[in-house]
Amino acid sequence: MNEMSKVNEAGNRPQPKAGVLDIAAYVPGKSKGSHGKTVHKLSSNETPLGTSATVSPAVDHVIRNLELYPDGAATELREAIGDIYGLNPDRIICGAGSDEVLSMLANAYLAPGDEAIYSEHGFLVYDIAIRAAGATPVVAPETDLSTDVDAILERVTDRTKMVFIANPNNPTGTYLPYEEVKRLHESLPAHVLLVLDAAYGEYVRRNDYESGIELAATSENVFMTRTFSKIYGLANLRVGWGFGPAHIIDALNRIRGPFNMSGVAIAAGIAAVRDRDFVAKSVDHNEKWLPWVTNELEEIGLKVTPSVGNFVLVHFPDQDGQRAKDADAYLLERGCVLRMVGNYGLPNAIRMTIGSEEANRTVVAHLRDFLTNR
Ligand SMILES: *Cc1c(COP(=O)(O)O)cnc(C)c1O
């Protein structure tokens with residue numbers, strides 16, 4: 001024991017850079033009910049339909065050659081995405097989930113002293129990415145649980161470098177019509193990067209919605225992110241992508257880990273994106289059960305925010321969040337795992353992913369019992 005180890009107090013050991021210890025670590029959805037059993041996991045917006053049957057054979061081939069490095073540029077996956085979405089593969093970048101793409105964007109464009117704006121109930125990964133880059137998050141209030149373009153514009157300063165919008169947003173399920181996204185874009189200074197996170201874009205069936213492809217294709221300061229974690233059912237493998245101007249792709253490729261995606265993830269993504277029947281089936285399932293769940297929950301007396309995603313935000317009539325907590329515990333005891341969203345500033349609400357028919361019916365039945373018996 002020397003003297004040095006004795007004075008190993010907080011001040012005399014490696015320190016994370018400023019801001020890191022202010023980050024509230026992301027809290028994922030629970031996967032287990034209160035007795036350790038899960039009957040229905042509806043806490044992370046995962047699809048109840050699994051993934052495309054073409055994924056497993058595609059992955060098998062890679063698994064036989066695990067000693068080989070993957071193609072770091074994910075060329076074939078970018079080509080497959082380009083094919084399906086009608087995009088130039090040179091303007092696509094892939095990442096370990098869209099979370100990685102969001103982090104790359106923040107790391108490439110934000111420095112200490114810079115500000116980045118996201119909205120009141122916006123996806124919390126933005127806050128983490130902004131702070132991890134050493135920049136300052138600025139939160140714009142929402143109106144009726146929807147992104148408020150004017151509130152964002154009011155918060156733009158000389159220091160603003162980025163604006164993050166989830167469209168549709170998680171956990172609210174609301175969306176910004178294309179006209180509003182365009183108005184936001186037109187009013188932002190040209191040097192501000194507008195990030196449109198369309199993680200649920202494939203689910204949306206609204207004529208006035210546009211995921212961001214059009215603006216990202218035609219402007220120098222708009223970037224769209226997408227994921228294979230939701231409708232494609234590949235959350236476990238971490239596959240995401242982004243599309244935008246060539247100069248942004250170039251910047252991101254300079255900081256991207258050289259082999260940021262595994263070959264297994266790449267192969268799975270290629271197979272999944274090409275199976276359009278699977279995607280169509282997933283949309284049909286959601287189109288049937290999203291309105292069903294919404295109506296049933298409203299009928300038993302709960303308020304549900306109209307959603308265009310594969311989940312709903314359910315509100316409990318209470319001020320201090322106790323009723324929502326009790327409902328969550330009641331469901332957990334019965335193996336139904338939903339998501340509390342107090343950390344999103346919504347203590348009286350629970351988010352429910354649209355699940356299988358059985359899951360949806362079970363949760364609705366339990367909530368009906370909960371409301372009548374206590
Ligand atoms: C689920 C989700 C993502 C996707 O994250 P991955 O890292 O791709 O799994 C991105 N944005 C929002 C708003 C989400 O809800």
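Guide: Welcome! A helix here is a DSSP run of H or I with at least four residues, and helices are numbered from the N terminus. Keep in mind that this is a predicted model.

Visitor: Thanks! Let me start with the pockets. How much space lies in the largest pocket?

Guide: A pocket is an open set of grid points, and its lining residues have an atom within 4 Å of a point. In this model, the largest pocket holds about 510 Å³ of space. It has 27 lining residues, and those closest to its centre are Tyr26, Ser44, Asp99, Lys230 and Arg238.

Visitor: Which element supplies the largest share of that pocket's lining?

Guide: That is α4, with three residues. Along the sequence, α4 spans 97–109, and α5 spans 125–132; each of them supplies at least two residues of the lining.

Visitor: How do the lining residues of the largest pocket divide by class?

Guide: There are ten nonpolar, nine polar and eight charged residues around the largest pocket.

Visitor: Now the second largest pocket. Which residues lie nearest its centre?

Guide: Look for Val62, Tyr69, Pro70, Asp71 and Gly263, which belong to a lining of 19 residues. The elements giving two or more residues to this lining are α2 (55–63), α3 (75–85) and α10 (263–274). Here α10 makes the largest contribution, with five residues. As for volume, the second largest pocket has about 380 Å³.

Visitor: And what classes of residue line the second largest pocket?

Guide: Its lining divides into twelve nonpolar, five polar and two charged residues.

Visitor: How many cavities of 30 Å³ or more does the structure hold?

Guide: In a cavity, a 1.4 Å probe fits but cannot get out. This structure holds two cavities of 30 Å³ or more. The largest cavity has a volume of about 50 Å³, and the second largest holds about 40 Å³.

Visitor: Which residues line the largest cavity?

Guide: You can pick out Glu46, Thr47, Pro48 and Leu49 in the sequence, together with Tyr203, Ser282, His285, Asn286, Asn310 and Ile354. By class, four of these lining residues are nonpolar, five are polar and one is charged.

Visitor: What about the second largest cavity: which residues line it?

Guide: Its lining is made of Ser146, Thr147, Ile165, Ala166, Asn167, Asn169, Thr174, Tyr175 and Leu176. Four of the residues lining the second largest cavity are nonpolar and five are polar, with no charged residues.

Definitions and conventions
Residues numbered from 1 in each chain as written. Predicted model: local features only at pLDDT ≥ 70, side-chain atom pairs only at ≥ 80, totals over all residues. Heavy atoms only, no water. 1 Å grid on protein atoms, 1.4 Å probe; cavity = no way out; pocket = protein on both sides within 12 Å on 5 of 7 lines; lining within 4 Å. Points joined across faces, edges and corners; volume = space filled by probe spheres on them. Nonpolar A, V, L, I, M, F, W, Y, C, P; charged D, E, K, R; others polar.
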